[in-house]
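I opened this model to look up how its strands pair and how two of its helices pack. My entries follow.

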Amino acid sequence: MFHSRLHSFSRLMISLTLAAGLAALADGAKAQDKRQNTPGEFDFYVLSLSWSPSFCEEAAERGGRSQTQCSGRPYAFVVHGLWPQYESGFPEYCERPSPRLNRSIVSSMLDLMPAPGLIFNEWDKHGTCSGLADRSYFETIRKARAAIKIPAEYLDLSQAKTVAPAEVEEAFIKANPGLSNAAVSITCNRTRLSEVRICLSKDLQFRACEEIDRRACRRDQVTMPPIRGG
């Protein structure tokens with residue numbers, strides 16, 4: 001009888017614990033839903049700088065190429081995007097359908113984001129979450145990119161370079177006073193360096209971002225393919 005009661009008590013406690021956990025998850029979801037995908041309601045930006053030679057080699061391996069980005073002038077780091085973020089998670093596609101993007105804006109951004117399709121996609125997915133009009137959003141991208149100095153050793157990389165992600169991170173920190181390890185992360189695929197992601201406040205000051213840092217490349221070494229074309 002004692003063991004039967006103890007077993008019933010244990011099952012009751014497990015049920016109560018599970019119920020409490022589910023309630024907490026529901027409360028957390030509700031808290032996020034209050035501003036989920038609401039334009040302008042976010043905590044900070046991530047400026048994502050893509051190593052273009054890695055992108056182009058991967059595109060070639062998949063059997064396709066972005067003609068604009070991979071066949072013309074030699075590109076090193078290009079802007080992938082400026083992404084509104086929450087402390088946990090991020091908004092996306094905050095206006096459906098998204099406001100039509102003026103083609104003159106697309107043309108004006110090709111020096112930083114050398115693929116029209118990318119520019120349209122970034123506006124639809126991320127720009128609509130910024131709370132800014134299209135021209136203001138892309139002006140903000142230009143300001144964010146202008147605030148970042150690319151380390152000299154990556155401006156004209158003529159040969160493939162094997163690097164530790166921490167080495168690239170430190171180079172960016174050294175080149176950008178005020179930038180810290182907590183505000184920058186390096187991403188990679190199986191073998192190549194993919195992107196440098198820098199966290200910025202809404203007024204484009206460096207700021208820490210734990211979640212972005214946790215997603216950083218964990219490989220000891222990666223390759224940076226050389227800059228081609230031109």
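**Sheet**

I looked up the sheet first and found 4 strands in an open, antiparallel arrangement, ordered S2-S1-S5-S4. Strands here are DSSP runs of E with at least two residues, helices are runs of H or I with at least four, and both are numbered from the N terminus. Two strands count as paired if DSSP finds at least two bridges between them. At the edges I noted S2 (77–85) and S4 (184–188), each pairing on one side only. Neighbouring strands are turned by 20° against each other on average, direction ignored.

I noted that this is a predicted model, with local features needing pLDDT of at least 70 and side-chain atom pairs pLDDT 80 or more, while totals for chains, interfaces and linings use all residues. Residues are numbered from 1 along each chain as its sequence is written, and side-chain values use heavy atoms, without hydrogens and water.

I then checked S4 against S5 (residues 193–200): they pair in the antiparallel sense over 5 bridges. Cys 188 stands opposite Leu 193 in S5. H6 packs on the sheet and touches S1 (44–51), S2 and S5, its direction making about 120° with that of S2.

**Helices**

I looked up H5 (residues 116–125) and H6 (residues 134–146), whose axes come within 11 Å and cross at roughly 110°. Axes are lines fitted to C-alpha atoms, for helices over the stretch in contact, and angles run from 0 to 180 degrees between N-to-C directions. H5 and H6 are therefore roughly perpendicular (65 to 115 degrees). In contact (heavy atoms within 4.5 Å), Ile 119, Glu 122 and Trp 123 of H5 meet Asp 134, Tyr 137 and Phe 138 of H6.

Definitions and conventions
Parallel < 35°, antiparallel > 145°, perpendicular 65-115°, else oblique.
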